[in-house]
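This briefing is meant to be read beside the sequence and the model. Please keep both in view while going through the points below.

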Amino acid sequence: MKKRIAYHALGCKLNFAEASSLSGDFISHNYMQVPFNQEADVYVINTCSVTETANAKSRKAITKAIRKNPSAIIIVTGCYAQLKPDEIANIQGVDYIFGTGQKQSIESIIEDLTKQKTPQIISSDFKSIEGYYPAWSSGRTRSFLKVQDGCDNFCSYCTIPLARGHSRNIPIAKILKQAKAIADSGFKEIILTGVNIGDFGKSSDESFYALLQALGKIDGIERYRVSSIEPDLLHHEIIDFVLEHPKFMPHFHIPLQSGSDSMLKLMKRKYDTALFRERIEYIRNKNKNAFIGIDLIVGVPGETESLFQESVEFVKSLDVSFVHVFTYSEREGTQALKIKPIVPHSERKARSEIMHDISESKHHQFYLSQQGQKRTALFEQSKHKTLMYGFTDNYIKVAIPNNKKFINTIKICNLDELNPKGFFESKI
Ligand code: SF4
């Protein structure tokens, strides 16, 4: 009888891509995948450590798995496992803890997994992290494809360079093989992910632009989306390529983090608001329908009331479609801990609410601006009785009557009426 593997990923798209790849490793060793809330023989938890809340959620997922089946083998990996292996080792019932650079070693021990009296910690400090764990997901319609890992930037508030090591990638030729395998599995869409994907090519003497050009030629994949890319690395040639190539969706995700130049300096970001505005306007002048999501962190040390107001005014002035708002939390080992003044927690919360309101309004305005258009959407399997959902090229959620024959197909949809739930219903 096949053993059962269940996995759970927290945090970024990269973690999801890696977790499902890890699950694929088990499946090729005669395991079957079951949902995380069901009894399994092995649980893999790919943790996140981006905030203190993420650490807490990671611990919760680990204890949930242990409670579900106390005799199951519990494997914990990811950023929290890299940064705080001892905290995880204190959770009774954990068997293996793999640092982010050791994910690849998990496959080599699949045949030998046993319940441990004390957890085995397989980790190393970030300087020696060389491991690049390739990842793509095993869903049905859209697959993540990890093209890069790590970061060399050391922004003052971020632990990712500590948790994932320096920037590195595998060569384009190997990524193309993975993309072909994804196409052969029937996927229509690939979402390119990485920690700092604009940095792609550093370790293979190639470029992100060259990667996009090569991927555009793969048969079978009809849509690509580029996930979060640093503004200073989002060069015009990349924007032009994404907006002009029929397989690349007009969808951008660009981290701003603050709309105040003083804060960007304190955060050790590599651009200023003028460069950021230039990038947004460049995209907009070429395509007014492109979806542009931006990231923002509120409450970072040094963010006085007036600097926050500067940030608010800047964000309001940008023609963007969505703002992903994050609330700052202290991270061990980061330079931000030395910066004053510290923003009180109640104020961080209030600032987050203000930015969320701005985001909601921008998102709504963007959806309204699309009313009356015809756009193509890729439809996914749905558990809803009457509706199935998809996303248009420019990331608008749209529903059509549920019909199995439309799963994993791209349809032209009329965006006639925005319903109160925040998506368009189309009759196609
Ligand atoms: S660019 Fe900055 S925020 Fe992004 S992963 Fe690198 S250090 Fe962290």
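Pro341 is placed in the loop that runs between strand 12 (322-327) and helix 13 (345-370), and the peptide bond leading from Lys340 into Pro341 is cis, with omega near -5°. The model is a predicted one, and the protein chain in it comprises 13 helices and 18 strands. With a radius of gyration of 22 Å, close to the 22 Å that the globule rule gives for 428 residues, the protein chain is as compact as a globular protein of that length.

**Overall build**

- The C-alpha trace of the protein chain spans about 60 × 60 × 45 Å when it is taken along its principal axes.
- Of the 428 residues in the protein chain, 45% count as buried.
- Among the contacts in the protein chain with a separation of 6 or more, 73% are made by residues that stand 24 or more positions apart.

**Domains**

- The protein chain is divided into domain 1, covering 3-126, domain 2, covering 142-369, and domain 3, covering 374-425.
- The centres of domain 1 and domain 3, taken over C-alpha atoms, are separated by 34 Å.

**Surroundings of the ligand**

- The residues that surround the ligand are Cys151, Asn153, Phe154, Cys155, Cys158, Ile160, Pro161, Val195, Asn196 and Glu230.
- By character, this shell around the ligand divides into 7 nonpolar residues, 2 polar residues and 1 charged residue.

**Residues with positive phi**

- Asn30, a residue other than glycine, has a positive phi near 70°, and its place in the chain is the loop between helix 1 (13-27) and strand 2 (31-33).
- Asn30 counts as exposed because it has 11 C-beta neighbours inside 10 Å, and a residue with 12 or fewer falls into that class.
- Gln257 is likewise not a glycine and has a positive phi of about 75°, but this residue belongs to strand 10, which is made up of residues 251-257.
- Gln257 is buried, since 23 other C-beta atoms lie within 10 Å and 20 or more are enough for that class.

**His235**

- His235 is found in the loop between strand 9 (223-226) and helix 9 (236-244).
- His235 has 15 C-beta neighbours inside 10 Å and therefore counts as partly exposed, a class that lies between the buried and the exposed residues.
- Along the chain His235 and Lys427 are 192 residues apart, and their C-alpha atoms are separated by 39 Å.

Conventions: Residues numbered from 1 in each chain as written. Predicted model: local features only at pLDDT ≥ 70, side-chain atom pairs only at ≥ 80, totals over all residues. Near = placed C-beta within 6 Å. Nonpolar A, V, L, I, M, F, W, Y, C, P; charged D, E, K, R; others polar. Domains from an automatic or database assignment. Helix = DSSP H or I, 4+ residues; strand = E, 2+ residues; numbered from the N terminus. Rg over C-alpha atoms; globule rule 2.2 N^0.38 Å. Contact = placed C-beta atoms within 7 Å.
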